[in-house]
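Okay, everyone, thanks for squeezing me in. Have a look at the structure first, and then I'll walk you through it piece by piece.

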Amino acid sequence: MKKPAIMLMTVALTMLSCNKNAEGIEVSWKLISNQYQGRGVHKSEITFTNNSRHTLKNDNWTYYYSSFRTIVRDQESDIVAGETINGDLSRLYPTEKFPKLRPGESISFPLISTHYAMHFTDAPTGGFFVIKGLMGKELILNTGDATVLPFPKDEAYRRSAADKIGIETAADRYAMNNDLYILDEQELPPVFPTPISWEIRPDLLSLQKDLELYYSENLSNEAAYLQEKLQDLLGVSVPKFKYRSADFKNYKPARIVLEQKAGDPEHYTLEVDVQKGIRIAGTDPAGVFYGIQSLLSLLPAKDGNAIPETLNIPALTISDGPRFGYRGMHLDVARSFHKKEYIFRFLDRLAELKMNRLHFHITDDEGWRVEIPGLPELTEIGAFRGYTKDEKDHLQPALGSGPYADVNIGAGSGYYTRNDYIEILRYAKSRHIDVIPEIDMPGHIRSAVKAMELRYDRYMKDGDREAAEQYLLTDFGDTSTYSSAQRFKDNTANPCMESTYRFVGKVVEELAAMYREASAPLYILHIGGDEVPRGAFEHSPVCRAFLESQDVYKSVSELHKYFTKRVTAILKKYDIHTAGWEEVACKEENGLQAPDPSLVDEGIVTYIWNNVWGWGAEDLGYRIANTGFPIVMINATNFYFDFAYTRHPDEPGLYWGGYTDTRSAWEFTPFDITKCADKNIYGEPLSPEFMQNKVRLNEDAKKNILGLSGTLWAENLRTWERVEFMALPKMLGLAERAWSPQPQWAQMDDEEKRLPEREKEWNRFVNKVGRHMLPRLDAEKVHYRIPPPGAVIEGSLLKANVRFPGLILRYTLDGSEPDANSAVYTEPVGVRQGQTVKIASFNSKGRSSRVVTLSDR
């Protein structure tokens, strides 16, 4: 799946050395000031260090890079100019005053861009130079991400005058962790997430290598899954036997029996008895599968090649089942592509946490990631990003993908073949996870728009206009101007063209065929529907003609509803429900989103996202549910896991809606969101009056909350390590809230009683996570985020703590970086004046958090 070398007289000089100083041109970036000159812009300094053999002149180079910030028109530099081209792709180029930059020389200049820069991921990424060579040839020098220099720590770092959020310090964390304490083992739930009820007895059941597995005839999938896990753990073959008798009661100590029982969906009972062995009874195969997950969590995690002689399990009885039927994670592979093996790995994490939905974001402006037979351009063009003159060979670079349209370089290129996708579906199905595809439209669809324009060109070249226009998404006469949320100028499919609906029908037809072949359910298709930019279609002749031809839809603002209903009709032919972001259930009232009751009968499942405190739509999800729409709560302030964990320049992630960590997800209260919010996006307290004016969820609308989901938007998730870092342990908080019963503290209206009870339960949760769940993730080699320690120096004593008991704190007093051999912190440590303390949290494998530095001065 490697694209051919870029043509157009371009020569690619691959400079991918890990040492940027070895060759090429190094680019460094330094924030000078946010709120520059009291405006909503920031000033940075760019430095080029020329380690190449080429001389940069005032007419022979262009530097391209990705950035979430737009280059403003008025700059202070007279040697370099720049512009944002489209989306996040920007370029810098020399003015006539640019002096020659010879090999071995450096040059710095200021750059002013919109908004602010708070984290290292705000710096330029995926940069490369295009240098004019001899005979018109172009040389590409790949520079990668800019080297980020230290951020200012004073007023220059604040993003606005209203911003009350400072850089999180070690002292802040110490205070936050100070009420945590170690609980006795018997005070912790035996499995995760917390089950409905359990009883632990003092006996132990020893599983040895004579273990056998019996199962009801309709549980062959679950039996095969458990057999594989046990064989991997025990290192021997575990025989399994199917039984047909409904009253099978042949229990033995060395036997595991899987069976079904009556009850609510997905519920199970797990019994471990020293005389009768192990019995898992589920109300359906999914319930049995979740009982298996609980059983496996009682066994030691497979760690390397060690094979235990005996596995001891406490005798117990667990009765359990989920709070919500929808327990999901959204994963964006359109912005950053990740191969199917990583998707399998992600599905394994979901299964272990008893989560049952993968919301698979497979298309967006920056990429189309699944093969659609009959429309090869979607993946030929739409699945690759790289340097291009006209996007007839592939899409432009984006989100740090760099110059090369190659699946082996970066995360900008790649797709799942039809067989790959079917394999993913089957893998998910075997783990009782439904895959909900998202085909984002009519906005966020630039990858398909460009692909269908290429298809049009090809057929027109052959003189076949009918074929050229069959799936076209573009009205070439449209002179509308707009800028999308991600600053694209051309990312919409025209809702007034019949060819748009032929395209949708073709894609749905092929997706449905894949699901049928995989024997996987497809009952919901997410159509996105969000962030259609204001101004789109306003000057489309096709849309003008459509609006004049009928009396139902009067204005361009109503075309979104028209599009949603047309697509819903297509999906109904396949017995598929429409799902979308909250915009698909709304109409515009006085410039704001409001539920549209006329769409309730369409059965649209609405995903609630934009609840940012202080923006005005905090209660929109409740208003939509109260109107009668089924909703999935995916609230940005709690479940957008691509947000940075906290305010610190060294933490990766977005933060437009705030910050999310494990606690953000864990403390979410779906039936009353006012109980899990106390500050707005700038850190200002929310007043009681503000809260009282928000719409509450009606009692009879609680049934409309299908469940909860987290999201992983992938603008910053270019490696799988980064995906796991941002997802975990946040997903553990989500899993607890989606599966476990509503906690008592969430039902308390008296804040003075509620908050202490919440803190007690939080302590129980972090004990379970730190002592049981993180070691299991270590055994699976999951690159979760290890929280840095809290630490202070008080009275010449180093005092430290950590969010998750079970992590190890290691420190040095000589200024060196702590490693797996450094001293372990167990109690306050004396520090002499002038000593530099460095301390970090370590997991069971010796991997560490970022290092915290303190000094006693």
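**Strands, barrel, core and charges**

Let me start with one residue pair: Tyr811 stands opposite Ala823 in strand β33. Before I go on, keep in mind that this is a predicted model. The strand I'm talking about is β32, residues 808-812, and two bridges join β32 to β33, residues 823-824, with the two running antiparallel. β32 has another antiparallel partner, β35, residues 836-842, and five bridges join that pair. If you want a landmark there, find Ile808, which stands opposite Phe842 in β35. And how covered is β32? Four of its five residues are buried, so the strand is largely enclosed by the rest of the structure.

Now the barrel. It is closed, it has eight strands, and the order goes β18-β19-β22-β23-β24-β27-β28-β29, with parallel pairing. From one strand to the next, the twist averages 30°. On the outside of my slide I've marked helix α6, residues 418-429, which packs on the sheet and touches β19 and β22. The direction of α6 makes about 135° with that of β22. For a closer look at one pairing, take β23, residues 524-528, and β24, residues 577-581: three bridges, in the parallel sense. Ile524 stands opposite His577 in β24.

Next, the core. As a reminder, in soluble globular proteins nonpolar side chains tend to be buried together. Here the largest nonpolar core has 177 residues, and Leu258, Phe360 and Phe503 are those with the most contacts inside it. Which helix gives the largest share of this core? That's α9, with ten residues. There is also another core lying apart from it, with 33 residues, including Leu56, Tyr63, Ile107 and Leu141.

Let me stay with Phe360 for a second. Leaving aside neighbours within four places in sequence, Phe360 is in contact with a list of residues that includes Leu331, Val333, Ile343, Tyr416, Tyr421 and Ile424. Val435, Ile436, Pro437 and Glu438 are among its contacts too.

Back to α9, residues 498-518. I like this one as a sanity check: at 1.5 Å a residue, its 21 residues should span 30 Å, and the end C-alpha atoms are 31 Å apart, which agrees. α9 is mostly covered, with 16 of its 21 residues buried. Right after α9 comes Ser519, whose phi is positive, near 55°.

If you think that's covered, look at α17, residues 730-739: ten of its ten residues are buried. That takes in charged residues, including Lys730, Glu736 and Arg737.

Lys730 also turns up around Thr662, which lies in helix α14, residues 662-666. Thr662 is buried, with a relative accessible area of 2%. Apart from neighbours within four places in sequence, Thr662 is in contact with Pro729, Lys730, Gly733, Trp762, Phe765, Arg803 and Phe804. For a sense of scale, Thr662 and Glu517 are 145 residues apart in sequence and 38 Å apart in space, C-alpha to C-alpha.

Last topic, charges. How many salt bridges are there? The count comes to 61. I'll show you three.

The first is Arg335 with Asp332, whose side chains meet at 3.2 Å, N to O. Both Arg335 and Asp332 are buried.

The second is Asp420 with Lys340, the closest N and O atoms being 3.1 Å apart. This pair links distant parts of the chain: Asp420 is in α6, Lys340 is in helix α4, residues 340-352, and they are 80 residues apart. Asp420 is buried, with a relative accessible area of 15%, and Lys340 is buried at 18%.

The third is Glu602 with Lys572, whose side chains meet at 3.2 Å, N to O. Again the pair links distant parts of the chain, 30 residues apart, with Glu602 in the loop between β26 and β27 and Lys572 in helix α11, residues 559-572. Glu602 is buried, with a relative accessible area of 17%, whereas Lys572 is partly exposed at 44%.

One more thing on charges: salt bridges that share partners join Asp332, Arg335, Asp364, Glu366 and Glu715 into one network. So that's where I'll stop; happy to go back to any slide.

Conventions. Residues numbered from 1 in each chain as written. Predicted model: local features only at pLDDT ≥ 70, side-chain atom pairs only at ≥ 80, totals over all residues. Heavy atoms only, no water. Buried < 20%, exposed > 50% of the residue type's maximum accessible area, 1.4 Å probe, protein only. Expected span 1.5 Å × (residues − 1). Pairing = 2+ DSSP bridges. Contact = heavy atoms within 4.5 Å. Axes fitted to C-alpha atoms, helices over the stretch in contact; angles between N-to-C directions. Core = buried A, V, L, I, M, F, W, Y, C linked by side-chain atoms within 4.5 Å. Salt bridge = Lys/Arg side-chain N within 4 Å of Asp/Glu carboxyl O.
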